[in-house]
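Thanks for asking me to look this over. My comments follow as numbered points, each on one part of the model.

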Amino acid sequence: MPGWLEIVVRALSAFVMLFIITRILGKKQISQLTFLEFIIGITLGELAGFLSTDVEAHFLHGVIALAFWFVVPLGLEFLMLKSKKLRQLIEGGGRVVIKEGKVLEDNMKKERLSADELLEQLRGKNVFNFADVEFAVMETNGELSVLLKKDKQPLTPSHLGIKTVNEVEPQTVIMDGKYMDEPLATLGLSRGWLHAELEKIGVTVENVFLGQVDAYQQIYVDLYDDKLKVPAPQAKALLLATLKKSQADLELFASATRSPEAKAMYERTSRELAGVISSLDPMLRG
């Protein structure tokens, strides 16, 4: 076998093995790494490089080395799932560096973290004043986890006593100018419905780069031509208007009827519908 062809075969084999190993070891191998994952990642990369280019080395020995660095970390991960002590020994634990707005200098020294690095990490969390922080913990992967003080946290609907409903994940029904049948089926919709909706806004599926449909069957599209404008979805506004009109009709029926039983039924139904509108209002206006 020619030397160049042997290198190609070795490199392709190393790539396939490394890809399979990384897929099995999990997404943590390509995210923020712990000490163990950092060592494993470097070693696997080095082994794959030698296996690809060192034609004088025995190919099987390289495969055995890769297999070792795959089996041992995989076994350690299973053991660490069972043992907190082993996790603490291998990966360590988080350390508090800010508590109640005060920087803990001794813990920063243990983490070998300078004041500049601490401020940089805080800015990465959109925190520009360390005194606003209730707790800040340096995690094992080098990331800083920050909890702001109560009076510095962003305002949420719960702070105002506003009830919200759970948002449903939008489905991508068009991608690269092609229909996506599985997401459409998840929403209980068809290509015919989608084609009709596209006609309403005056576009064809071939001109759509991305198209999504939410739980209210509102369609949002991004066109290849960014200069073209498409009308904003109106389904939520239409649904809210329909619900309010239904409530107004019930109140009208209640005032117009002469039957006490029917009047009580209309009034009760109107109150129940008002409660539904109140709970849905934040989402329908969003």
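1. Aspartate 176 is partly exposed, because its relative accessibility of 43% falls between the cut-offs of 20% for buried and 50% for exposed. This residue sits in the loop between strand S5 (171-175) and S6. Do have a look at its backbone: aspartate 176 has a positive phi of about 55° although it is not a glycine. Most residues other than glycine have a negative phi. Please keep in mind that this is a predicted model, so the angle is a computed value like the others in this note.

2. Glutamate 100 deserves the same kind of look. Its phi is also positive, at about 55°, and it is not a glycine either. The residue belongs to the loop between strand S1 (95-99) and S2.

3. Now for the overall picture. The protein has 10 helices and 8 strands. Of its 286 residues, 25% are buried. The exposed surface comes to about 19,500 Å², and carbon and sulfur atoms supply 60% of that area. Among contacts between residues at least 6 apart in sequence, 51% join residues at least 24 apart.

4. How are the strands S1 to S4 ordered in their sheet? The order is S2-S1-S3-S4, in an open sheet with antiparallel pairing. Strand S2 (102-103) and strand S4 (144-148) are at the edges; each has a single partner strand, so one side of each is left without a neighbour in the sheet. Strands of a sheet pair through backbone hydrogen bonds, either parallel or antiparallel.

5. Within that sheet, strand S3 (residues 133-138) runs antiparallel to S4 and is joined to it by 5 bridges. Two of the pairings are easy to find: alanine 136 has valine 146 of S4 as its bridge partner, while phenylalanine 135 is partnered by leucine 147 of S4. S3 and S4 form a hairpin with 5 residues between them. In the turn, glycine 142 has a positive phi of about 90°.

6. Just ahead of S3 in the chain, asparagine 129 may be worth a click. Its place is the loop between helix H6 (115-124) and S3. With a relative accessible area of 36%, asparagine 129 is partly exposed. Glycine 101 is 28 residues away from asparagine 129 in sequence, yet their C-alpha atoms are 9.0 Å apart in space.

7. A second open sheet has 4 strands in the order S6-S5-S7-S8, again with antiparallel pairing. Here strand S6 (178-179) and strand S8 (219-223) stand at the edges, and each has a single partner strand, so one side of each lacks a neighbour in the sheet. S7 and S8 are paired in the antiparallel sense over 5 bridges. One of the facing pairs places valine 213 opposite isoleucine 219 in S8.

8. Which residues make the nonpolar surface patch of about 360 Å²? They are Met175, Phe209, Leu210 and Tyr224. Phenylalanine 209 is found in strand S7 (residues 208-213). Its relative accessible area of 35% makes phenylalanine 209 partly exposed.

9. On aromatic pairs, a search of the whole structure finds 2. In one of them, the rings of phenylalanine 253 and tyrosine 266 have their centres 5.5 Å apart. Why is this pair called tilted? The planes stand at 55°, and the tilted class covers angles that are neither under 30 degrees nor over 60, so the pair belongs there. Phenylalanine 253 lies in helix H9 (residues 235-256) and tyrosine 266 in helix H10 (residues 260-284), so the pair ties together parts that are 13 residues apart in sequence. Both residues are partly exposed: phenylalanine 253 has a relative accessible area of 40%, and tyrosine 266 has a relative accessibility of 23%.

10. Finally, is serine 270 buried or exposed? Serine 270 is buried, because its relative accessible area of 6% is under the 20% cut-off. This serine is in helix H10. Leaving out residues up to four places away in sequence, serine 270 touches Gln247, Leu250 and Glu251.

Key
Residues numbered from 1 in each chain as written. Predicted model: local features only at pLDDT ≥ 70, side-chain atom pairs only at ≥ 80, totals over all residues. Heavy atoms only, no water. Phe/Tyr/Trp six-rings, centres within 6.5 Å; stacked < 30°, edge-to-face > 60°. Buried < 20%, exposed > 50% of the residue type's maximum accessible area, 1.4 Å probe, protein only. Patch = residues over 30% accessible without salt bridge, like charges linked within 9 Å, V, L, I, M, F, W, Y side chains within 5 Å. Areas by Shrake-Rupley, 256 points an atom, 1.4 Å probe, with all protein chains shown as cover. Salt bridge = Lys/Arg side-chain N within 4 Å of Asp/Glu carboxyl O. Pairing = 2+ DSSP bridges. Contact = heavy atoms within 4.5 Å.
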